[in-house]
Amino acid sequence: MRISDQDYFRSCIAKERQLAQLLGHRQIEECYESVGTLWDGAQKLPAWTRDWAACGPLLAQHGLSLVFLTPDDADQPEGAEIGQTRVHFADHPSRERALMFGIVKEVIRRLGHPHHPAEPLRPLP
């Protein structure tokens, strides 16, 4: 189920803020002149859920695997697994946005729970 664009944007900023905190940024502020930009002091934080140039390096830095999920009766993938995180393309404005969101979500999971074993995912319905 897709949420409103405004709520989706807020969820992206929330994930970026959460990741920034896990990466050690402590004084994170939103710049109201540039809505959606997060700052730590004078440093602009990457837009991990919204920009491939910021999100792409997370794949290599955290050794993430990315697998597209295509049901047996479909021609196109309906989602993807990034590590232990599953994203459904229909829940996002585009496939690219879904992948970036999933990458950030998986990095947050790994940084937030580094000693908890991963649980196997269930197949798509």
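So, helix α2: its buried residues pack against two other helices, α1, which is residues 5-22, and α3, residues 95-112. Before I go on, keep in mind that this is a predicted model.

Which residues of α2 are buried? In the stretch 52-61, they're A54, C55 and L58. They span an arc of only 85° around the axis, so they end up on the same side of α2. If you want the reasoning behind that spacing, an α-helix has 3.6 residues a turn, so residues three or four places apart point the same way. Now look at the face of α2 that's turned away from the buried side: there you'll find A53 and A60, and those are exposed.

Okay, the ends of that helix. What caps the N-terminal end of α2? That's D51, with a side-chain oxygen sitting 3.2 Å from the backbone nitrogen of A53. So A53 turns up twice in this story: its backbone nitrogen faces the D51 cap, and A53 is also one of the exposed residues on the outward face. After α2 comes G63, and the phi of G63 is positive, near 60°.

Let's move to the sheet. There's an open one with 3 strands, in the order β1-β2-β3, and the pairing is antiparallel. Why do β1 and β3 each have a side without a neighbour in the sheet? Well, β1, at 28-30, and β3, at 43-44, are the edge strands and have a single partner strand each, so one side of each stays free of a sheet neighbour.

Zooming in on β1 and its partner β2, residues 38-40, the two pair antiparallel over 3 bridges. If you'd like a spot to click on, take E30, which stands opposite L38 in β2.

And α1 comes back here. Besides being packed against by the buried residues of α2, α1 lies across β1 and β2, and runs at about 160° to β1.

Stepping back to the whole protein, we've got 3 helices and 6 strands. Going along the sequence, the pattern reads α-β-β-β-α-β-β-β-α.

A few overall numbers to finish. Of the 125 residues in the protein, 35% are buried. Take the contacts between residues at least 6 apart in sequence: 50% of those join residues at least 24 apart. And for the surface, the protein exposes about 7,800 Å², with carbon and sulfur atoms supplying 51% of that.

Definitions and conventions. Residues numbered from 1 in each chain as written. Predicted model: local features only at pLDDT ≥ 70, side-chain atom pairs only at ≥ 80, totals over all residues. Heavy atoms only, no water. Buried < 20%, exposed > 50% of the residue type's maximum accessible area, 1.4 Å probe, protein only. Helix = DSSP H or I, 4+ residues; strand = E, 2+ residues; numbered from the N terminus. Arc of directions from axis to C-beta. Contact = heavy atoms within 4.5 Å. Polar contact = N/O pair within 3.5 Å; in protein donor to acceptor, adjacent residues only side chain to side chain. Pairing = 2+ DSSP bridges. Axes fitted to C-alpha atoms, helices over the stretch in contact; angles between N-to-C directions. Areas by Shrake-Rupley, 256 points an atom, 1.4 Å probe, with all protein chains shown as cover.
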